[in-house]
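Work through the following exercises with the structure open beside you, and try each task before you read its solution.

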Amino acid sequence: MNLLVVGLNHKTADVEVRERLAFGGAKLEDGLKRITALDDVNEAVILSTCNRVEMYLNVKDPVKAEDELIDFFSEFHSIRHELLRPSLYFHTGDEAVRHAFRVASSLDSMVVGEPQITGQLKDAFDASLKFKTTGILLNKLMKKSLSVAKRVRTETRISALAVSISYAAVELAKKVFEDLGGKNVLLLGAGEMAELAAKHLVNSGVAETVVANRTFATGCELAKDMGGRAVKFEDFPDEMLTADIVICSTGAPTYVVTKPMMKDIMKKRKQEPMFIIDISVPRNIDPELDELDNVYRYDVDDLQGVVDTNVGERRKEAELAEGIIAEEIETFKRWLSSLEAVPTILALRERADRIMAQEVERFMGKHPDLGEKEIQAINRLTAGIVSKLIHPPTAALKEDAEDKDILIATIKRIYGLD
Amino acid sequence: MQPDVIAFELALSMYFISAIAGTADLFKKTNIWPRLLFVSAGAGFVFHTISTVYRFAIAGHPPIVSPHEATAFFAWCIVLMFFVVEIRYRLGLFGSFIMPLVFFMAFTAAMLPREFEPLQPLLQSKWLLTHTFLAFLGNAAFALACMAGVMYLVQEHYLKSKHMGDLFGRLPSIQTLDHLNYRLITIAFPLFTLAIISGMAWAKSSMGNYLALDFRTVWAMVTWLIYALILHARLVAGWRGRRASVLSIVGFISVLLAFFGVKLLQKGFHIF
């Protein structure tokens, strides 16, 4: 029973190769069934996403399995060996466990900290459960990987730090407004970047979206798309009285919102805080708005600055995550080694019980006139001797030790276990 | 050493550990600092309560009649309020701003003489407990509001300067902090008002005069006006956020002046 991970990802293969090796749709079931049909493979989970294709396997002989797997991939996807070899990586033992944990926690992802991979791994595991291609080893590994991912997410800030401008905008908005739900969004201009940022906000549950665009028709379209309403561009100052979040990208050559204008609006709003993102170049919102209380304005450079800070922070958090993973690998190893010992412990016990039963039977045969009391005494005596004899080796097998497999092999030899 | 002194010293040590843990938490995020902060603050509170109850039992009157006792009780009220707020709001890093203040208070109390002072005739009144308890609770809430204001200004600085420091992600949103500041003052203000009113009733019953002016009563009026202004300006003119936070800090400075300033002048009937 050996763990083996084989696959490729965005670091080892470009998208053309990854595409060809994907296990999409019906191929997933087919792949799972055919890989476990191989003599050498007992369990399999296939993880296939746009950035990686991996198999997590329980194999008898990891060295032999490598060649077999390359043949399998080559045949299954009709792809030549020479194309595969440079892209595939193989991990066994501890490295395989580390790889599984890292992938699940998004440490191996293109954007470290991204949230999708954990769900994708869970789906892959569910599929294997459905097609019954897992057993005790992969069940434990998958469940552990998912719980390690959860630990990493809650104990580090790795997934909280935005690394794209639109996520950064949402992150900032959440530090101004505790809850984005119920807040009103105003879009000045209907550009693509504004739409993207707005969509992120809408996903966070904002209340109403209003679009004010110079070309009313385009504004209407976007408003319909976002489930909001459109207004004439000239009317935007009125809308600013009730908007909490403003996204500006009008393409105008000058400032559309000036400081005096904003001062007046804030007064009328009774200083309700306003969060403004200006993603137009040249800027449409006067930077002097920063001097006003309760107005929080960010342009593209500011947002990029947040992103840059976050990249450094993420790296620090990733280190914390690696530490958590190292801890969890040790725990998993302990489980694994106790698992390996279980059949031997059972075999030892069984052997001992069989010998005891045989000898007692033979003795009874030679001494037919023993009384009930004597028979009971003999049973107790032999049981006691046997228990005491097998206790030390059993305890040793349950202990965690570095040379566990040598111990198991030795005990098998000296007790004549199979 | 007497049991109340031992208990208080233990409380002080616990508050010290809590303050250190809170400060450390500002610099490096770990799981240990917040837990240590709460456990030691809780332990300190227990010891502090024991000390207070013991002194009450020995003296036969509420242990709030000497500078030491008053300062210690003030610290006790702040810890109590802090736990109430934390259980309700669960804010990031609030403890880091509160526990150092608590330690400062308790340390000051420890520096003051601890002898049991006999209860002066003026203080032998049914108003003693009511007036002082209301005043201390109100002031404790003002203390917490001040710290919420400080946190607001820190977070606002991050947002305005656009340099997101490490604390940025861990501090609550400014909306939460502003809301907390407001809630705390709306709780503190009635308590404080009632404290003043009960003080006036006491003055009337013992000295025949509602307005018995001494250093503290005058400063209490100033404090009352500041917080009344804060509430009024918030409701009417939208003085929220930065202005409210700064005023909360000013208000608390006024509270501290009213409380400690008495020591400087040594005159009047507020001897503590």
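**Exercise 1.** In this predicted model, find the helix in which Thr344(A) lies, decide whether Thr344(A) is buried or exposed, and list the residues with which Thr344(A) is in contact beyond its sequence neighbours.

*Solution.* Begin with the secondary structure: Thr344(A) belongs to helix α13 of chain A, which covers residues 300-366. Next, take the relative accessible area of Thr344(A), which is 3%. Since buried means under 20% relative accessible area, Thr344(A) counts as buried. Finally, set aside the neighbours within four places in sequence, and the contacts that remain for Thr344(A) are Leu397(A), Ile408(A), Ile411(A), Lys412(A) and Leu417(A).

**Exercise 2.** Compare the radius of gyration of chain A with the value for a compact globule of 418 residues, and then describe the chain by its extent, its burial and its contacts.

*Solution.* The first step is the reference value, which for a compact globule of 418 residues is near 22 Å, whereas chain A has 32 Å. The second step is to look along the principal axes, where the C-alpha trace of chain A spans about 115 × 55 × 35 Å. Within this extent the chain forms 15 helices and 10 strands, and 46% of its 418 residues are buried. For the contacts, consider pairs in chain A that are at least 6 residues apart in sequence: 70% of these join residues at least 24 apart. The last step concerns the surface and the charges: chain A has an accessible surface of about 20900 Å², with 54% of it belonging to carbon and sulfur atoms, and the centres of its 56 positive and 69 negative side chains lie 4 Å apart.

**Exercise 3.** Carry out the corresponding description for chain B, and state how many helices and strands this chain has.

*Solution.* Counting the elements gives nine helices and zero strands in chain B. The radius of gyration of chain B is 19 Å, and this agrees with a compact globule because such a globule of 272 residues would have a value near 19 Å. The C-alpha atoms of chain B fill a box of roughly 60 × 50 × 30 Å along the principal axes, and 53% of the 272 residues count as buried. The exposed area of chain B is about 11900 Å², of which carbon and sulfur atoms supply 73%, while the mean positions of its 20 positive and 11 negative charges are 10 Å apart.

**Exercise 4.** Locate Ile249(B) in its helix, classify its exposure, and find which residues it touches elsewhere in the chain.

*Solution.* Ile249(B) is found in helix α9 of chain B, which runs over residues 241-265. Its relative accessible area is 21%, so Ile249(B) is partly exposed, given that buried would require a value under 20%. Now look for partners outside the four nearest places in sequence: Ile249(B) is in contact with Cys146(B), Val150(B) and Leu153(B). As a further check on distance, the C-alpha atoms of Ile249(B) and Gly149(B) are separated by 6.7 Å, although these residues are 100 residues apart along the chain.

**Exercise 5.** Describe the contact between the two chains, and name the three residues of chain B that supply the most buried area.

*Solution.* Start with the participants, which are 28 residues from chain A and 26 residues from chain B. Together the chains bury about 2200 Å², 47% of it on carbon and sulfur atoms. On the side of chain B, Lys160(B), Lys162(B) and Arg240(B) supply 29% of the area buried against chain A, more than any other three residues.

Definitions and conventions. Residues numbered from 1 in each chain as written. Chains lettered and ligands numbered in written order. Predicted model: local features only at pLDDT ≥ 70, side-chain atom pairs only at ≥ 80, totals over all residues. Heavy atoms only, no water. Helix = DSSP H or I, 4+ residues; strand = E, 2+ residues; numbered from the N terminus. Rg over C-alpha atoms; globule rule 2.2 N^0.38 Å. Buried < 20%, exposed > 50% of the residue type's maximum accessible area, 1.4 Å probe, protein only. Contact = heavy atoms within 4.5 Å. Areas by Shrake-Rupley, 256 points an atom, 1.4 Å probe, with all protein chains shown as cover. Lys, Arg positive; Asp, Glu negative; His and termini not counted. Charge placed at Lys NZ, Arg CZ, Asp CG, Glu CD. Buried area = accessible area lost by both parts, 1.4 Å probe.
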